[in-house]
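Colleague: Could you walk me through this model? I have a few questions ready.

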Amino acid sequence: SNRFADIKNILPRFVLIHTFSHALMRQLSFNSGYNLASIREKLYVFEDKAGILIYTAQGDSEGSLGGLVRQGQIDLCPSLIISALESVRWCSNDPICSEMPENGLDGLNRAACHACSIIPETSCSELNVLLDRNLLLNSRLGNDEFSGFFDGLFD
């Protein structure tokens with residue numbers, strides 16, 4: 001696919017942020033009952049900083065009805081983040097999912113499948129590729145070669 005022809009210039013931070021965005025979106029949908037297919041992401045990843053914008057694509061009242069708006073309140077953010085990370089810690093397809101050398105479109109995913117990280121195509125800004133939940137938390141059982149970015153939260 002030509003979209004990813006310049007793959008060597010993609011920062012590892014991008015894969016981390018993209019996977020984290022999917023985890024947050026899935027958890028937001030679960031917590032609020034809001035349709036995941038109606039949630040969108042916009043990723044901002046630079047060499048020295050990164051950010052995520054998660055927004056709804058619908059102009060109706062569904063966003064305020066299931067508690068989706070409430071999920072963005074500052075007092076709920078820590079539990080949202082912890083729950084999102086816990087949800088990617090284990091996948092029903094493990095150990096296969098966490099140990100696949102390549103997965104998804106053009107083999108551009110690592111530890112990511114429909115059970116843990118992939119979201120509806122309409123929600124993802126990057127075709128559901130460049131995902132690896134091992135960058136968030138080391139989900140490889142018994143493998144201590146590397147640490148996930150958030151491993152320290154669960155020690």
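**Fold and aromatic residues**

Modeller: Gladly! The protein chain has five helices and two strands, and please keep in mind that this is a predicted model.

Colleague: In what order do the elements of the protein chain run from the N terminus on?

Modeller: The two strands are β1 (39–45) and β2 (50–56), with F46 in the loop between them. Read from the N terminus, the order is α-β-β-α-α-α-α.

Colleague: Is F149 buried or exposed?

Modeller: F149 forms an aromatic pair with F150, at 5.0 Å centre to centre and 80° between the planes. Exposed means over 50% relative accessible area. F149 has 60% relative accessibility, so F149 counts as exposed.

Colleague: And F150, buried or exposed?

Modeller: F150 belongs to one aromatic cluster with F20 and F149. The cut-off for buried is under 20%. Since F150 comes in at 16% relative accessibility, F150 counts as buried.

Colleague: Which residue lies over the face of Y44?

Modeller: Y44 also helps make a nonpolar surface patch. A charge counts as sitting over a ring within 6 Å of the ring centre, given a suitable angle to the ring normal. At 5.7 Å from the ring centre of Y44, the residue over its face is K42.

Colleague: What is the area of the nonpolar surface patch made by Y44, F46, L53 and Y55?

Modeller: One of its members, F46, counts as partly exposed at 44% relative accessibility. A patch residue needs over 30% relative accessible area. Together, Y44, F46, L53 and Y55 make a patch of about 380 Å².

Conventions:
Residues are numbered from 1 along each chain as its sequence is written. This is a predicted model: local features need pLDDT of at least 70, side-chain atom pairs count only at pLDDT 80 or more; totals for chains, interfaces and linings use all residues. Side-chain values use heavy atoms; hydrogens and water are left out. Rings of Phe, Tyr and Trp (its six-membered ring) pair if their centres lie within 6.5 Å; planes under 30 degrees apart count as stacked, over 60 as edge-to-face and the rest as tilted. Buried means under 20% relative accessible area, exposed over 50%, partly exposed in between (1.4 Å probe, protein chains only). A charge sits over a ring if NZ of Lys or CZ of Arg is within 6 Å of the ring centre and within 35 degrees of the ring normal. Patches are made of residues with over 30% relative accessible area and no salt bridge: like charges are joined within 9 Å, nonpolar side chains (Val, Leu, Ile, Met, Phe, Trp, Tyr) within 5 Å. Accessible areas come from the Shrake-Rupley method with a 1.4 Å probe; for residues, only the protein chains shown count as cover. A salt bridge is a side-chain nitrogen of Lys or Arg within 4 Å of a carboxyl oxygen of Asp or Glu. Helices (H or I, at least four residues) and strands (E, at least two) are DSSP runs, numbered from the N terminus.
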